[in-house]
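User: I am new to this structure and would like to learn how to read it. Could you walk me through its strands, core and pockets?

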Amino acid sequence: MINIKKHSGIYTLQATQEIDIPIHEAWSFFSSPNNLEKITPSEMGFKITSEVDKKAYAGQIITYKVGILPGINTNWVTEITQVEHESFFIDEQRFGPYRMWHHEHWFYSQPDGKTLMKDKISYKIPFGILGDLAQTLFIKKQLKGIFEYRFKTLETYFNGK
């Protein structure tokens, strides 16, 4: 499930997915920044440009190149601001295409040995009314597409579908 709502001048995307692995395996996969490229559509040209040899930790700075539009790439810098082992981590944009980006990654152990994941992204687009128009015309579609791709990829990786 993916939905996006606007409130107080920002947008919030929420996505949920259950995967058929225990929480310690889910945590191991998602807390490794190097796995982010595996679950991002290749047409975005997503590439981590910093060295990330450790699992997510508070204060970790990660730099990327990412395509925001066809033929237009930008640098993106995020910081992992909070981490609670096998529970959640938060990344925030320090420099990049958004005016604000706050991404919460939540993990919940399920009684059947599966893991429920919830993402909550609060973001603000620059350029006022033009940014809102861009949200309507393509940003919303692009973000939903990223999470739909991620959903399908994780279904293949972990749920055998």
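**Strands, core and open space**

Analyst: Let us start with one pair of residues: Phe89 has His105 in β7 as its bridge partner. Please keep in mind that this is a predicted model, where local features need pLDDT of at least 70, side-chain atom pairs count only at pLDDT 80 or more, and totals for chains, interfaces and linings use all residues. Residues are numbered from 1 along each chain as its sequence is written, and side-chain values use heavy atoms, with hydrogens and water left out.

User: How do I read strand pairing, and in which sense do β6 and β7 pair?

Analyst: Strands (E, at least two residues) and helices (H or I, at least four) are DSSP runs numbered from the N terminus, and two strands pair if DSSP finds at least two bridges between them. Here β6 and β7 are antiparallel, with 5 bridges. Their hairpin has 4 residues between the strands, and Gly96 there takes a positive phi near 160°.

User: What about β5 and β6: over how many bridges do they pair?

Analyst: That antiparallel pairing runs over 7 bridges. One of the partnerships joins Glu79 to Glu92 in β6. In this hairpin, 3 residues sit between the strands, and Glu86 has a positive phi near 60°.

User: Now the core. Which residues touch the most other members of the largest nonpolar core?

Analyst: A nonpolar core is a set of buried Ala, Val, Leu, Ile, Met, Phe, Trp, Tyr and Cys residues joined through side-chain atoms within 4.5 Å; buried means under 20% relative accessible area, with a 1.4 Å probe and protein chains only. In the largest one, with 37 residues, Phe30 and Tyr123 touch the most other members. Elements giving two or more residues to this core include β2 (10–19), α1 and β4, while α2 gives the most, with 7 residues.

User: What is Phe30 in contact with, beyond its neighbours within four places in sequence?

Analyst: Contact means heavy atoms within 4.5 Å. With those neighbours left aside, Phe30 is in contact with Ile19, Ile39, Phe89, Phe107, Met117, Arg150 and Leu154.

User: How is empty space described, and how much of it lies in the largest pocket?

Analyst: On a 1 Å grid over the protein atoms alone, a cavity is a set of points where a 1.4 Å probe fits but cannot get out; a pocket is an open set with protein on both sides within 12 Å along at least five of seven lines, and lining residues have an atom within 4 Å of a point. A volume is the space filled by probe spheres set on the points, which are joined across faces, edges and corners. The largest pocket holds about 860 Å³. It is lined by 43 residues, and Trp76, Tyr98, Trp101, Leu143 and Ile146 are the closest to its centre. The largest share of this lining, 10 residues, comes from α2.

User: Which residues lie nearest the centre of the second largest pocket?

Analyst: They are Glu43, Met44, Gly67, Pro70 and Gln142, among 15 lining residues. The second largest pocket has about 320 Å³ of space, and α2 gives the most to its lining, with 6 residues.

User: And which residues line the largest cavity?

Analyst: Phe30 returns here, along with His105, Trp106, Phe107, Met117, Lys118, Asp119 and Arg150. The volume of the largest cavity is about 30 Å³, and β7 and β8 each supply at least two of its lining residues.

Terms used: Buried < 20%, exposed > 50% of the residue type's maximum accessible area, 1.4 Å probe, protein only.
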